[in-house]
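Colleague: I would like a close look at a single part of this model. Please take one strand and walk me through its surroundings.

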Amino acid sequence: MFLGKALIWKRLGWRVFGRGVKEGRCSSSGSRLDLAGIYPPIVTPFTQKGQVDYQQLESNVQKLSKIPFRGLVVQGSNGEFVYLTSEERVDIVRRVRQVLPEEKVLVAGSGCESTEATIEMTHKMAEAGALAVMVITPYYYRGRMNSAAFVQHYTQVADSSPVPVVLYSVPGNTALELPMDAILTLSHHPNIIGLKDSGNDVTRMALIVHKTRNWDFQVLAGSAGCLLAAYSIGAVGGVCALANVLGEPLCNLEKLCLGGQWEEARELQYRLIEPNTAITQRYGIAALKEAMGWFGYYGGSCRAPLLPLTEGERKELQSDFVSNGWL
């Protein structure tokens with residue numbers, strides 16, 4: 001049964017402070033949201049007619065909820081949010097929140113191209129049950145998207161948002177990287193609590209952690225391929241596509257890193273690199289959805305214009321999982 005946001009915040013707040021995390025940034029409820037942990041950016045299942053398959057969505061969420069994730073990211077890049085209507089985006093978040101256990105954090109992607117549309121979507125996502133929003137960089141007019149434009153955009157969104165905001169830099173999809181000076185400026189905003197960095201540049205990530213650690217800004221790695229390195233330089237967790245299929249191993253990697261068991265963590269990290277590269281950089285969402293079927297989840301097809309894998313691509317993908325001992 002879906003709980004009111006105030007009650008969920010109260011319980012999450014108790015959990016955060018009970019873990020000894022110092023009080024820092026606050027939401028409108030007065031509780032700091034601790035992002036530390038692993039999050040799968042879940043996919044959007046579709047029916048054969050191309051409609052959102054809510055039954056399969058709920059089934060996937062129920063299965064993922066049994067893994068010790070901190071929560072789920074809904075409407076990230078792997079959710080194909082750019083191919084969804086505004087109504088579908090909000091409905092998906094609402095349905096996920098209804099079946100997701102109350103102790104799990106739901107972070108919803110609310111980014112749009114305009115600031116006005118992003119603010120509107122952010123409010124809708126909060127009303128649908130999101131405890132935080134992840135806001136991708138606007139990119140269509142990339143020639144004018146400089147630090148000043150980003151600072152203005154994110155500041156206006158965060159000023160208006162009823163829930164904490166997480167910055168989202170994913171240059172592989174947008175051909176834009178959120179500039180370092182913009183991140184450092186925005187990290188001081190009381191309602192901007194962190195960054196998902198999908199640039200895979202560990203040196204840059206380390207510098208962000210170094211420059212912001214005195215005011216408790218939280219950095220999340222955007223890829224399972226560099227998760228060990230991210231933990232070693234002070235990231236608090238990861239939003240990893242591979243967690244949709246290898247959730248338990250990724251949570252185990254987190255546990256090893258936090259426990260200082262670096263040799264074991266390194267061996268596990270090695271085995272995750274090739275499968276992660278295949279489903280993120282080489283073949284993308286179609287590969288992730290294909291692999292989900294091998295591990296008991298429903299992936300299905302992507303929404304057009306994305307194409308399914310060829311038979312040759314499918315075999316190569318399977319080989320990456322088999323050769324690393326996952327199949």
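Modeller: Here is a short tour of strand β4, its partners and its links. Keep in mind that the model is predicted.

Start with the whole sheet. It is open and has eight strands. Their order is β1-β8-β7-β6-β5-β4-β3-β2, and the pairing is parallel. The edges belong to β1 (37-39) and β2 (71-74). Each has a single partner strand, so one side of each lacks a neighbour in the sheet. From one strand to the next, the twist averages 25°.

Now find β4. In the order, β4 sits between β5 and β3. β4 covers residues 132-136, and β5 covers residues 165-169. Four bridges join these two parallel strands. Two facing pairs help you locate them. V133 of β4 stands opposite V165 in β5. I136 stands opposite Y168 in β5.

Turn to the other partner. Strand β3 spans residues 105-109 and pairs with β4 over three bridges, again in the parallel sense. Here A108 stands opposite V133 in β4. So V133 has a facing residue in each partner: A108 in β3 and V165 in β5.

Next, follow the chain. β3, helix α4 (residues 115-128) and β4 form a β-α-β unit, and this unit is right-handed. From β4 the chain crosses through helix α5 (residues 147-160) to β5. That crossover is right-handed too.

Finally, look at the side chains of β4. A132, M134 and I136 point one way. V133 and V135 point the other way. Buried or exposed? All are buried. That fits the count for the strand: five of its five residues are buried.

Methods
Residues numbered from 1 in each chain as written. Predicted model: local features only at pLDDT ≥ 70, side-chain atom pairs only at ≥ 80, totals over all residues. Heavy atoms only, no water. Axes fitted to C-alpha atoms, helices over the stretch in contact; angles between N-to-C directions. Buried < 20%, exposed > 50% of the residue type's maximum accessible area, 1.4 Å probe, protein only. Right-handed = clockwise from strand over helix to strand, strands pointing away.
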